[in-house]
Amino acid sequence: MREYDPNRDRERVEEVERICEVGPSGKLCIFTDLLGDPICRVRHSPSFLMLVAEIGDEIVGMIRGCIKTITCGNSNRHLPVYAKVAYILGLRVSPSHRRMGIGLKLVHRMEAWFRDNGAEYSYMATENDNLASVKLFTDKCGYTKFRTPSILVNPVFAHRLTLSPKVKIIHLTPSQAETIYRRRFATTEFFPRDIDAVLNNKLSIGTFLAVPDSATWQGTDHFLSDPPKSWAILSIWNSKELFTLQVRGASRVKRTLAKTTRVVDKALPFLRLPSFPDFFRPFGFHFMYGIGGEGPEAVKMVKSLCDFAHNVAKERDCGAVVTEVSGQEPLRFGIPHWKMLSCPEDLWCIKRLGEDYSDGSVGDWTKSPPRISIFVDPREV
Ligand SMILES: CC(C)(COP(=O)(O)OP(=O)(O)OC[C@H]1O[C@@H](n2cnc3c(N)ncnc32)[C@H](O)[C@@H]1OP(=O)(O)O)[C@@H](O)C(=O)NCCC(=O)NCCS
């Protein structure tokens, strides 16, 4: 096991990625193209590491991890309680070398790096039905099932969506967005303390605020002291620059059907046909994060922001708009998505790394009940 070296390992790592993506024959599977940068899914985090497992000249497995400071769930209502938390992703072992303890060893080595760097918790996300991964982390590594947020996916149609004339959408500067997020969202679970780094990242397309059409924008201070009766906020992250996805294994009939809806939607956009994008060729997506809002019309405001985000994604030639929200999130009803593309329960498992840390005001976060909202960091999608 050693640290990933882009010059030596890139091609061999990509080869392992490719063979790990092959789904069961006859079924649909999603192929991820990391666009020549296997470390892309962690490189925007403040601190990250990628390890490879090697036997002779052959790379047989890899794992990525990152560490950042985030709000943990035991924060009191008004003040965030931050903890240094590590995240594991992209664990892969080549099919010919599975059940030999390589996955377990990779996790242990990554956790050692987490501990050396002062992380208090480690968590990971997986599909609920990925038995190998769930068992590896829960049975062998001491993780417990923690949260089950929903991944909501909406296709980008060939036509633009019409935005509600009753809602005004304001494009915030990163510093205005930071002020609002810190004042209103800092106690939300998983809120990153370096939110400014996220908002100023080149992959951040922007933060948008929806207010009633009659409201006037007089800056963040005024907004925070005297907000309109209803409002909503959302930020967009350009995941398309990092990696692309492709659906493989679809039958010819399905592909033709999808193509037909698209052709009609392109030719007759005024029909507003909810057409199927070409997911059978590599496509990118935008990720919506930091979704929040207040007031009786907040759900409608979120819907307007999502429609706006759809049109931004269409202009930039994306195949989908994606977000991830808590299962209890009341604003999720304003987020348009297709059930067939979405995942109602993404399983997040957690482990406390530093048993010897004092509990202080934090307590053991792993035992705390889920909150209404969760802040999903776009750097880890
Ligand atoms: C998940 C994965 C990394 C496991 O790697 P691995 O090297 O085979 O795992 P290990 O040999 O270290 O297994 C450790 C333990 O995990 C569990 N486990 C691993 N594979 C399993 C399987 N197919 N079914 C049930 N349990 C399994 C077992 O408890 C196992 O211990 P045991 O062999 O003593 O019973 C590998 O199957 C893989 O690459 N899968 C595809 C990619 C993926 O799903 N990654 C996880 C995303 S977070």
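**Figure 1. The shell around the ligand in this predicted model, by residue type and by element**. The residues that form this shell divide into 10 nonpolar, 5 polar and 6 charged. In total 21 residues surround the ligand, and the closest are Arg 98, Gly 103, Leu 104, Ala 132 and Leu 136. Two strands, β5 (82-93) and β6 (121-127), and two helices, α2 (102-116) and α3 (131-140), each supply at least two residues of the shell. Among the contributors, α3 gives the most to the shell around the ligand, with 7 residues.

**Figure 2. The largest nonpolar core, with Val 302 and Leu 305**. This core holds 90 residues, of which Val 302 and Leu 305 touch the most other members. Helix α8, which spans residues 298-315, provides the largest share of the core, 8 residues. Both domain 1 (2-148 + 345-380) and domain 2 (153-341) are represented in the core, each of them with at least three residues. When neighbours within four places in sequence are left aside, Leu 305 is in contact with Ile 169, Phe 208, Ala 210, Ala 232 and Leu 234. As a general background to this view, nonpolar side chains tend to be buried together in soluble globular proteins.

**Figure 3. The open sheet of 7 strands and the pairing of β7 with β15**. The strands of this sheet follow the order β1-β3-β4-β5-β6-β15-β7, and their pairing is mixed. At the edges stand β1 (2-3) and β7 (144-147), each of which has a single partner strand, so that one side of each is left without a neighbour in the sheet. For β7, the pairing with strand β15 (residues 346-352) runs in the antiparallel sense and extends over 3 bridges. Within this pairing, Arg 147 has Trp 348 of β15 as its bridge partner.

**Figure 4. The surroundings of Ser 204 in strand β10**. Ser 204 belongs to strand β10, which covers residues 204-212. Because 20 other C-beta atoms lie within 10 Å, Ser 204 is buried, the criterion being 20 or more such atoms within that distance. Apart from its neighbours within four places in sequence, Ser 204 is in contact with Val 198, Leu 199, Ser 235 and Trp 237. One of these contacts, Ser 235, is separated from Ser 204 by 31 residues in sequence, while the two C-alpha atoms are 7.7 Å apart in space.

Note on methods: Residues numbered from 1 in each chain as written. Predicted model: local features only at pLDDT ≥ 70, side-chain atom pairs only at ≥ 80, totals over all residues. Near = placed C-beta within 6 Å. Helix = DSSP H or I, 4+ residues; strand = E, 2+ residues; numbered from the N terminus. Nonpolar A, V, L, I, M, F, W, Y, C, P; charged D, E, K, R; others polar. Core = buried A, V, L, I, M, F, W, Y, C linked by C-beta atoms within 7 Å. Buried ≥ 20, exposed ≤ 12 C-beta atoms within 10 Å, placed from the backbone. Domains from an automatic or database assignment. Contact = placed C-beta atoms within 7 Å. Pairing = 2+ DSSP bridges.
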